[in-house]
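This report describes the overall organisation of a protein chain and then turns to the surroundings of a single residue.

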Amino acid sequence: MKTPQSNFQQQYQAEIAILIKNALSEDIGAGDFSALSCLPLKEISKAQLRVKEDCVLAGVSMAAQICALYDPSLELNVLYLDGDFVPKSGVCLELKGASQSILAVERLMLNCLQRMSGIATRTREWQSLIAHTSCKVLDTRKTTPNFRVAEKWAVAIGGGENHRMGLYDMVMLKDNHIDFCGGVAQAISRTQSYLKANHKPLPIVVECRDLAEVQTCLSVGGLHRLLLDNMSPDTLREAVKLIGGQLPTEASGNITKDSIVAVAETGVDYISMGALTYNVPIIDMSLKAVSL
């Protein structure tokens, strides 16, 4: 059975491979001379990756790809899967192979697993807070440059949903687009004309700052979703009632762990949160040599 995270991996297979290759090149460069200088070429060793705090694990599939791309002879014994809860001191995986290869991939594996597990853990925690509603959390483009695909993958692993990947796969008319165009109706009209003329059937999401803009969007039509920006819970309820199920709704703007429940209970379909991917603490992990 395919899961959202496995679908993500398949969809962005090429992007993930490029990320890994560039990261390995960045770290290893002309060679890992620390290992080359003191370890025999064919020496075989074993190491375990342990977590030092409770977490939702994310990045195991990424770690497997890192090993496969750098040294296909490395043997990975996966003890917990992406999306599993791992208790403090749990061993996530074991790695066996050339000592030089283990040390070459160590830091990249840890960087990915620590960062992705932090995001997945937060996503799982915050989604669980609103599990009594039908609302789902969405990520945003507030991601680390060149690491977006991994961070959005971690959101999917944690049980959240992905918003657009970038500026190219969805049209999102925000406050500046609207103000530059002179209003909501003008921005939507220009966008729809452009997409039709250029044969680009992209979904259109419009950011609404008040109920008047919501009503304008409903009157113009042809939209995918309405983003209700920086509205109080009371105003969100009014907006949801006004929309009346004609379009999916998304709340956004300074939503925190403390306010997410009240927002979800207004009846919105989604909550988009940059906090899922930025300013997220990593999960402390270590890779330690063990006896064969």
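In this predicted model, 69% of the contacts between residues at least 6 apart in sequence join residues that are at least 24 apart. The chain contains eleven helices and twelve strands. Its C-alpha atoms fill a box of roughly 70 × 40 × 35 Å along the principal axes.

Of the 292 residues in the chain, 47% are buried. The accessible surface amounts to about 14300 Å², and carbon and sulfur atoms contribute 52% of that area. The chain carries 28 positive and 31 negative charges, and the mean positions of these two sets lie 3 Å apart.

One acidic residue is now considered in detail. Asp139 is located in the loop that connects strand S6 (136-138) with helix H6 (148-157). Is Asp139 buried or exposed? Asp139 counts as buried because its relative accessibility is 0%, and the cut-off for a buried residue is under 20%.

The side chain of Asp139 has two polar partners, as listed below.

| Group on Asp139 | Partner group | Distance |
|---|---|---|
| Side chain of Asp139 | Side chain of Lys152 | 2.7 Å |
| Side chain of Asp139 | Backbone nitrogen of His163 | 2.8 Å |

Both Lys152 and His163 also appear among the residues in contact with Asp139 when neighbours within four places in sequence are left aside. The other residues in that set are Val155, Glu161, Asn162, Ser272, Met273 and Leu276.

Key
Residues numbered from 1 in each chain as written. Predicted model: local features only at pLDDT ≥ 70, side-chain atom pairs only at ≥ 80, totals over all residues. Heavy atoms only, no water. Helix = DSSP H or I, 4+ residues; strand = E, 2+ residues; numbered from the N terminus. Buried < 20%, exposed > 50% of the residue type's maximum accessible area, 1.4 Å probe, protein only. Contact = heavy atoms within 4.5 Å. Areas by Shrake-Rupley, 256 points an atom, 1.4 Å probe, with all protein chains shown as cover. Lys, Arg positive; Asp, Glu negative; His and termini not counted. Charge placed at Lys NZ, Arg CZ, Asp CG, Glu CD. Polar contact = N/O pair within 3.5 Å; in protein donor to acceptor, adjacent residues only side chain to side chain.
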